[in-house]
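Q: Please take a close look at the open and enclosed spaces of this structure, and then at one place where two helices pack together. A connected account suited to a first-year student would be appreciated.

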Amino acid sequence: MTRAIPVSSDFDPIPSLAAVSAIQVSVVAEPSADPALRVFLVSAGSSLPEGLDRNALEAAGFTSASKQTHVVAGTPTTVLAGVGEGPLEGLAAARDVGGAIGRVPAVAASIEVVVESVGADVVQGLVEGIILARYSWDALRATPASTQVTAITIVATGDADTIAAGARRGHFKALATCVSRDLANCPPAHLTAVRWAAIAERVAADHGLGVEVHDREWLLAERCGGIIAVNGGSDEEPRLITLTYEPDPAVANGRHVALVGKGLTYDSGGLAIKPGDVVHAMMKNDMSGGGALFASMLVLRDLEVPTKVTAHIMCTDNMPSGTAFKMGDVITHRDGTTVEVINTDAEGRLVMADALVMATELQPDAIIDIATLTGAAMRSLGTEIGGVMGTDQSLVDLLRVSGDATGEPVWQLPMGVHFREELDSDVADMKNLGLMNAGASSAAEFLAHFAHGVPWAHLDIAGVAATAKPGGWKTRGMSGFGARLLVDALERFGAD
């Protein structure tokens, strides 16, 4: 069947993979002679660059408050970046200051930041913030929406190797978020399941990953009833993308985590079609969980993550047609569980269920899934905080720590037998939808059933997948939430 919207076969949905990877990030001890843009970090008590007067700056409105910037006329262009009362400390504060630097009116592709003596976490945060703040998805624009960064130079004293390691971490952490944003910003005709699978096959080896792609016939033969049902109304085939990462033996911790991501490239709601409103128009981002997972996998080798990882991304769209699955249908999943379909718009849990079963068959130490799963999570937590639930409290706590560290915070929501009872069906083992209230919790209980006792945690990012309040390092459009969180959690896993 011919698509309504033709898409070039050489279209690249993830331009950030090449563009951000190409950014030259370096650490030097002395400023260069002629930078395009030089930035000085300024606290309330620090000295100022030669020729500047604090009283005059304060009269002009610059008080050195954190995240405040001031452009000084002249050559080279100089920017003062406020860091507050004392020296800049901590990853989060540095990321925020980096975001402010990235958004200064004096736009330059090459940025030199004079930081003097700082730790690796500050350098990491500055690099992350600058790159993330300059992000824009320009794959379909005639004119880019922002000037892309090509070089970041950190001028710092201290242990050069430690500072360079921090800069490298910031570079690759930012890369993960940018690729995650790319995928979620991509229109549905340009990122089908088949196209996404082809991207995975093209880039996996270059990033130290194994890859397997499975089509509809394989999924049918392997009893993956959820994705087969959800895909029933589509003229696009589904795909299962499986990525594998084996750490270098020199750093490996002997632990194995399985990841599962929801890859709904477009969710119309199926026969329970969504209203034609702004929320429906954003449903290209219903693959944000799978996108964050995919992007996180691409940087594990370069960050020398010690944990072995197997990742399953279930990719399809959910469309209405004469062949679409229906309310009242009963699906049989890979483990034999039968599920009565109460609502075809509760499809994410259906496609993820079989991937969770496949994850358990690997006998990993833990399973983490991530999905734009429920509007209930957004109504509970708003648009700045994601939801986390799970059967293993230590795993949930790990994700909370990683969320705080990466500026992608998550809050634990409850689970319990009363939520599970809402899923009881008169004709099958379960229903795919609970009652009207606490929908995030009953959805988590649905997924927990398929984890079969393996330590498991679930990230519901429905409320945070799009940036509600752009500013600093958070850019307009899709947020890429979860990519850095997952990387951080995999770095920390097994550390105790």
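A: The account below treats the pockets, then the cavities, and lastly one helix contact.

The model is predicted. Its largest pocket holds about 1000 Å³ of space. A lining of 40 residues surrounds the largest pocket, and those nearest its centre are Lys274, Thr374, Gly375, Ala376 and Arg379. Several elements supply at least two lining residues each: the strand β9 (256-267) and the helices α9 (278-281), α11 (348-361), α12 (375-381) and α15 (439-449). Of these, α12 gives the most, with five residues. In chemical terms, the lining of the largest pocket has 18 nonpolar, 13 polar and nine charged residues.

The second largest pocket has a volume of about 450 Å³. Its lining has 19 residues, and Tyr135, Ser136, Ala145, Thr475 and Arg476 are the closest to its centre. By class, eight of the residues lining the second largest pocket are nonpolar, six are polar and five are charged.

The cavities come next. There are two cavities of 30 Å³ or more in the structure. The largest cavity contains about 160 Å³ of space. It is lined by 15 residues, of which Val464, Thr467, Lys474, Ser479 and Phe481 are the closest to its centre. The lining of the largest cavity divides evenly, into five nonpolar, five polar and five charged residues.

The second largest cavity contains about 60 Å³ of space. Its lining is formed by Ala19, Val20, Ile23, Ile131, Arg134, Tyr135, Gln148, Val149 and Cys178. Seven residues in the lining of the second largest cavity are nonpolar, one is polar and one is charged. Tyr135 thus appears in two linings, that of the second largest cavity and that of the second largest pocket.

The helix contact remains to be described. Two packed helices are described by the angle between their axes and the distance between the axes. The axes of helix α5 (residues 160-185) and helix α10 (residues 288-297) come within 8 Å and cross at roughly 145°. This crossing of α5 and α10 is right-handed. On the α5 side, the contact involves Ala176, Val179, Ser180, Leu183 and Ala184, while α10 contributes Ser288, Gly291, Ala292, Phe294, Ala295 and Ser296. The contact of α5 with α10 comprises seven nonpolar and four polar residues, with no charged residue.

One residue of this contact deserves attention. Serine 296 belongs to helix α10. Serine 296 counts as buried because its relative accessible area is 0%, and buried means under 20%. Leaving aside residues up to four places away in sequence, Serine 296 touches Ala176, Ala483, Leu486 and Val487.

Terms used:
Residues are numbered from 1 along each chain as its sequence is written. This is a predicted model: local features need pLDDT of at least 70, side-chain atom pairs count only at pLDDT 80 or more; totals for chains, interfaces and linings use all residues. Side-chain values use heavy atoms; hydrogens and water are left out. On a 1 Å grid over the protein atoms alone, a cavity is a set of points where a 1.4 Å probe fits but cannot get out, and a pocket is an open set with protein on both sides within 12 Å along at least five of seven lines; lining residues have an atom within 4 Å of a point. Grid points are joined across faces, edges and corners, and a volume is the space filled by probe spheres set on the points. Helices (H or I, at least four residues) and strands (E, at least two) are DSSP runs, numbered from the N terminus. Ala, Val, Leu, Ile, Met, Phe, Trp, Tyr, Cys and Pro count as nonpolar, Asp, Glu, Lys and Arg as charged, and the others, Gly among them, as polar. Axes are lines fitted to C-alpha atoms, for helices over the stretch in contact, and angles run from 0 to 180 degrees between N-to-C directions. A crossing is left-handed if the near helix is turned anticlockwise from the far one by less than a right angle, and right-handed if clockwise. Contact means heavy atoms within 4.5 Å. Buried means under 20% relative accessible area, exposed over 50%, partly exposed in between (1.4 Å probe, protein chains only).
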